[in-house]
Amino acid sequence: NAEPFQVTVREDNCIIVSLEASDVVSSSSVYVVKIAGESKNYFFQFEEFNSTLPAPVVFNAKYHGLYYIVTLLVVNSNMVSKSARSITVLTKPLPVSNVSIYDYKPSPETGVLFEIQYPEKYNVFTRVNISYWEGKDYRTMLYKDFFKGKTVFNHWLPGICYSNITFQLVSEATFNKSTLVEYSGVQHEPKQHRTVPYPPRNISVQIVPINRNNWEEQSGNFAEESFMGPQEIIRKEKLNHFSGNPPEIPAANTSASWSDYRSNSTEYETTLQPFWWSNEAESSEGEEEFVNAVSSDYEANDANKSGGPTPEPPPFLPVQMVLTWLPPKPPTAFDGFHINIEREENSMEFLTVSEDTHKFVAELKEPGKYKLSVTTFSSSGSCEVRGSQSAKTLSFYISPTGEWIEELTEKPQHVTVTVLSSTTALTSWTASHESGGNNTIVSVLSLTCQKQKESQRLEKHYCTEVNSSNSLIENLVPGAQYQVVVYLRKGPLVGPPSDPVTFSIVPTGIKDLTLYPLGPTAVVLSWNRPFLGVFRKYVVEMFYFNPSTMTSEWTTYYEIAATISLTASVRIANLLPAWYYNFRVTMVTWGDPELSCCDTSTISFITAPVAPEITSTEYYNHLLYVTWTYGGDGTDLSHSRMLHWMVIAEGKKKIKKSVS
């Protein structure tokens with residue numbers, strides 16, 4: 001029943017092999033330890049011993065998280081080794097040193113991106129153990145899909161605070177149908193992360209007119225504040241973006257608040273006056289007359305009754321806003337809702353209501369454009385408070401007469417642009433019957449303007465976005481490319497943009513193409529361009545019969561970048577003498593795809609022949625024999641446009657003779 005030899009792994013990654021009494025076969029034998037697992041095997045011999053067992057063998061393992069096979073070999077006096085027994089051990093992997101947790105952008109409600117850092121050299125592991133608290137529940141799981149230290153978790157619950165998140169590297173090995181598992185320690189700082197809650201659903205708003213007389217009986221007069229909150233309000237903050245200075249704190253008897261809430265009652269205290277109340281009105285009149293006062297100049301108006309006061313425009317009648325929503329889709333953990341009410345982009349109300357509240361009622365006491373948004377927030381636990389993304393922003397307009405203009409949600413469909421001329425185009429689209437009568441905004445932007453250098457810019461009108469209510473687009477530039485977006489408009493409200501439509505204006509092409517010959521092998525082309533136009537480059541092409549390829553085709557000779565100059569020229573050299581050429585200059589635009597104009601800008605020309613050279617003359621038997629050469633040895637006359645030779649002899653008289 002004696003124990004076999006012992007193998008243990010210390011914290012410093014050393015393997016300790018101890019020889020036990022049951023392993024001793026003969027005092028004359030030699031005991032050797034074989035350690036396998038790395039790229040080569042290691043052998044260690046126990047020291048010779050008699051009655052006392054030898055000291056353990058210590059092996060400093062290089063790899064962390066790797067399994068090693070430790071074998072005891074017994075060598076007898078005949079130098080014959082025999083394997084006594086083998087033991088498999090697994091070293092512990094090195095721990096994770098740093099952890100970062102980010103939102104998984106495609107789905108921050110349920111997904112996170114884990115990024116871990118750990119020693120990579122000599123560190124072996126098969127999976128990662130992730131442990132955390134999901135609210136009040138402890139979770140742990142083994143994960144293996146880490147690539148370069150990163151992986152995506154996409155099955156967490158929205159709005160939950162996940163705390164004490166730790167990572168351990170796990171090494172596993174199977175040997176003789178038994179599995180060894182070793183976990184690294186935890187040396188990184190435990191992390192926490194709250195997933196984003198889902199937003200509320202089915203957000204809607206209704207505007208209901210309020211009878212002015214009934215309203216005045218309840219509240220006395222119109223308060224300065226634009227919004228009134230419900231009893232479920234937990235917290236309210238008001239931000240005035242139009243003023244850089246903090247608002248003054250009113251005195252106790254001139255509070256700006258329209259009412260205060262009793263701590264243990266739902267009744268309102270209405271004894272505090274708004275800050276716009278005048279001291280004169282407060283001190284000179286009784287309570288009933290005081291309540292019916294309309295403005296701070298009440299006494300002045302009363303004194304001028306005999307002289308006939310100037311009629312004032314009727315005051316804005318308040319309206320009631322009813323905002324409703326449904327809770328976020330389950331299983332979202334949330335603790336309430338944030339309500340943002342913005343008016344005219346310079347005054348904002350920030351309200352927080354409990355998770356049981358799904359309706360918010362306020363009285364809007366000023367006309368203008370309003371924007372509403374309702375978001376979910378989650379705050380329970382030790383993680384930071386996080387709000388949901390805004391599912392929907394509601395916009396509406398209250399006119400000075402109390403008319404409610406709803407938000408426009410439709411975008412124009414089937415937007416098309418028809419080019420009428422080189423400078424005008426017509427935009428058309430379709431919309432529903434409800435939106436068909438609305439005004440529209442046609443937004444036009446040049447896509448080619450920014451592609452040009454400032455010194456070479458040939459257009460300026462649509463370099464920045466230009467908005468117009470007219471469907472006819474004017475002041476276009478030939479050769480430019482434009483993007484058009486259409487918006488529906490109702491009052492001051494603007495609907496979502498249509499899908500952008502891109503169109504291009506064909507360039508007008510060059511004019512006054514002129515050719516100047518410079519001898520048998522070179523010409524100069526010169527031309528003008530129209531004053532109004534935008535283009536990327538000139539392309540100079542020529543058409544001729546190529547004797548080397550025995551083909552005739554248009555080939556590009558030169559490209560010239562666009563400039564603000566109205567005149568351009570190019571020298572074309574290395575032409576064949578007495579050869580037919582056709583030259584063409586086109587303007588190419590910046591657009592995608594490129595447009596060019598025009599193939600009709602061409603000019604034809606036949607180059608002059610080179611001068612023949614007379615090599616000999618001989619007069620014999622009343623005849624004059626003339627010999628000459630033309631060009632070099634490689635000169636091809638078979639496709640030349642030279643028709644014949646003209647031989648001229650001048651003596652007492654002049655003789656001309658045509659030679660084929």
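R386 is where I will start: it is buried, at 17% relative accessibility. This is a predicted model, and that applies to everything I say today.

R386 has a partner. Its side chain meets that of D103 in a salt bridge, 2.6 Å from N to O. The two are far apart in the chain, with their positions 283 residues apart. D103 belongs to strand β8, residues 98–103, and R386 to strand β25, residues 386–387. So is D103 buried or partly exposed? D103 is partly exposed, because its relative accessibility is 26% and the cut-off for buried is under 20%. R386, at 17%, falls on the buried side of that cut-off.

Now the overall numbers. The protein has 660 residues, and 38% of them are buried. The secondary structure consists of 47 strands and four helices. Take the contacts with a separation of 6 or more: 63% of them are between residues 24 or more positions apart. The exposed area is about 38000 Å², and 50% of that comes from carbon and sulfur atoms.

Back to charged pairs. In general, side chains of opposite charge can pair when their charged atoms come close. How many salt bridges does a search of the whole structure find? The count is ten. D103 with R386 is a salt bridge I have already described, and I will take two others.

The next is K411 with D499, where the closest N and O atoms are 3.0 Å apart. This pair also links distant parts of the chain, 88 residues apart, and both residues are in loops. K411 is in the loop between β27 (404–405) and β28 (413–419). D499 is in the loop between β34 (493–494) and β35 (501–504). Both ends are partly exposed: K411 has a relative accessible area of 28%, and D499 has 47%.

There is also a network. E134, D137 and R139 are joined into one by salt bridges that share partners. Within that group, E134 and R139 form a salt bridge with closest N and O atoms 3.1 Å apart. E134 is buried, at 13% relative accessibility, whereas R139 is partly exposed, at 35%.

Next, a piece of the surface. Which residues make the nonpolar surface patch of about 220 Å²? They are L142, V181 and Y183. L142 sits in strand β11, which covers residues 137–143. L142 is partly exposed, at 34% relative accessibility, and that is enough for a patch because the cut-off there is over 30%.

Last, a sheet, which brings back β8, the strand that holds D103. Three strands form an open sheet in the order β8-β9-β12, with antiparallel pairing. The edge strands are β8 and β12, the latter being residues 150–153, and each of them pairs on one side only. Neighbouring strands of the sheet are turned by 20° against each other on average, ignoring direction.

As a general reminder, strands of a sheet pair through backbone hydrogen bonds, either parallel or antiparallel. Here β9, residues 112–117, pairs with β12 over four bridges, in the antiparallel sense. To give one position you can look up in the model, F114 has T151 in β12 as its bridge partner.

To close, I return to the opening pair. D103, in strand β8, and R386, in strand β25, are linked across 283 residues, with D103 partly exposed and R386 buried.

Methods
Residues numbered from 1 in each chain as written. Predicted model: local features only at pLDDT ≥ 70, side-chain atom pairs only at ≥ 80, totals over all residues. Heavy atoms only, no water. Buried < 20%, exposed > 50% of the residue type's maximum accessible area, 1.4 Å probe, protein only. Contact = heavy atoms within 4.5 Å. Areas by Shrake-Rupley, 256 points an atom, 1.4 Å probe, with all protein chains shown as cover. Salt bridge = Lys/Arg side-chain N within 4 Å of Asp/Glu carboxyl O. Patch = residues over 30% accessible without salt bridge, like charges linked within 9 Å, V, L, I, M, F, W, Y side chains within 5 Å. Pairing = 2+ DSSP bridges. Axes fitted to C-alpha atoms, helices over the stretch in contact; angles between N-to-C directions.
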